[in-house]
Amino acid sequence: MENDNVFLLMISGQIETAEFSVIDDIYCKYCFVYGSDWMVTSGIEEGISQISKKGENEMSLFTFNFPLDVSFKTTNPFGWPQLVVSIYGIDFFGNDVVRGYGFVHLPISPGKHKRRIAMFVPESSSMLQRFTSWLIGRRPEFIDPRVVAQGEGRDVTKVKSQGYVNVLFNVVTKNIEKLGYNTG
């Protein structure tokens with residue numbers, strides 16, 4: 001017998017495209033961040049895509065069509081799941097470097113949803129650090145990309161906007177209204 005005090009959130013969809021102006025080849029990593037009451041019941045929590053080359057049309061998009069498929073259950077909406085996307089590419093020196101981080105909360109209402117995630121990269125806090133990182137080919141990056149979806153410590157991080165990632169979500173919920181929550 002299924003527990004009536006649990007609601008389910010089922011997500012499918014894809015990381016469709018990315019928009020970055022001065023980069024030719026990138027790949028994408030994703031993971032989900034969620035609260036302690038949430039549990040993944042099926043699907044994949046994190047993944048890494050193929051390398052995508054910039055399109056030669058006027059929009060110059062990178063196409064991923066990278067599938068997302070995960071189901072969660074919880075008794076409490078606190079810590080609603082978020083999708084964290086990290087974009088990586090090769091720099092001038094041939095080093096694999098971060099090209100952008102971004103995140104978005106998963107939609108709460110059932111149906112088809114498109115989201116455009118603004119991407120950013122951390123920057124060095126001084127000119128000396130910026131020059132040193134350029135010289136040795138190591139840019140600032142987060143040890144754990146999940147930190148971008150959490151507020152703690154982010155207020156002191158210097159960042160620069162860096163492009164966009166377009167995501168499509170198909171959302172199915174179960175028992176959420178029965179527990180008194182309005183998603184409409």
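Start by selecting Tyr34: this residue is partly exposed, with a relative accessible area of 27%. Keep in mind as you look around that you have a predicted model on screen. Now add Phe72, which counts as buried at 0% relative accessibility. The ring centres of Tyr34 and Phe72 are 5.3 Å apart and the planes make 65 degrees, so this is an edge-to-face pair. Trace the chain from one to the other and you'll see that the pair links distant parts: Tyr34 is in the loop between S2 and S3, Phe72 is in strand S6 (residues 62-74), and 38 residues separate them.

Next, widen the selection. Tyr34 and Phe72 belong to one aromatic cluster, together with Phe7, Tyr30, Phe32, Trp38, Phe66 and Trp80. Colour these and leave them on for a moment. Across the whole structure, a search turns up ten aromatic pairs.

Another of those pairs is worth a stop: pick Tyr27 and Tyr88. Here the centres are 5.6 Å apart and the planes are at 20 degrees, so the rings are stacked. Tyr27 sits in strand S2 (residues 25-33) and Tyr88 in strand S7 (residues 82-90), so the pair ties together parts that are 61 residues apart in sequence. Are these two buried or exposed? Tyr27 is buried, with a relative accessible area of 13%, and Tyr88 counts as buried too, at 8%.

Stay on Tyr88 and show Lys29. Lys29 lies over the face of the Tyr88 ring, 4.9 Å from the ring centre. For another view of this kind, jump to Arg116 and Tyr164: the charged end of Arg116 sits over the Tyr164 ring, at 3.7 Å from its centre.

Time to go inside. In soluble globular proteins, nonpolar side chains tend to be buried together. In this model, the largest nonpolar core has 31 residues, and Ile15 and Leu83 are the ones with the most contacts inside it. Which elements give two or more residues to this core? They are strand S1 (7-19), S2, S6, S7, strand S9 (111-122) and strand S10 (159-174). S6 gives the largest share, six residues.

Select Leu83 and show what surrounds it. Leaving aside neighbours within four places in sequence, Leu83 is in contact with Tyr30, Cys31, Phe32, Leu68, Gly102, Phe103, Val104, Leu106, Val167 and Phe169. Apart from the largest core there is another one, of eleven residues, including Cys31, Val84, Tyr101 and Phe142.

For a contrast, head out to Met59, in the loop between strand S5 (52-53) and S6. Met59 is exposed, with a relative accessible area of 55%. Measure from its C-alpha to that of Glu19 and you should get 8.4 Å, although the two are 40 residues apart in sequence.

Finally, zoom out and switch to cartoon. The protein has one helix and ten strands, in the order β-β-β-β-β-β-β-β-β-α-β along the sequence. Of its 184 residues, 42% count as buried. Among contacts with a separation of 6 or more, 75% are between residues 24 or more positions apart.

Last of all, colour by confidence. The average pLDDT is 85, and 84% of the residues score at least 70. Look for the lowest confidence in helix H1 (residues 127-136), with a mean of 66, and the highest in strand S3 (residues 39-43), at 96.

Terms used: Residues are numbered from 1 along each chain as its sequence is written. This is a predicted model: local features need pLDDT of at least 70, side-chain atom pairs count only at pLDDT 80 or more; totals for chains, interfaces and linings use all residues. Side-chain values use heavy atoms; hydrogens and water are left out. pLDDT is the predictor's confidence in each residue, from 0 to 100. Helices (H or I, at least four residues) and strands (E, at least two) are DSSP runs, numbered from the N terminus. Rings of Phe, Tyr and Trp (its six-membered ring) pair if their centres lie within 6.5 Å; planes under 30 degrees apart count as stacked, over 60 as edge-to-face and the rest as tilted. Buried means under 20% relative accessible area, exposed over 50%, partly exposed in between (1.4 Å probe, protein chains only). A charge sits over a ring if NZ of Lys or CZ of Arg is within 6 Å of the ring centre and within 35 degrees of the ring normal. A nonpolar core is a set of buried Ala, Val, Leu, Ile, Met, Phe, Trp, Tyr and Cys residues joined through side-chain atoms within 4.5 Å. Contact means heavy atoms within 4.5 Å.
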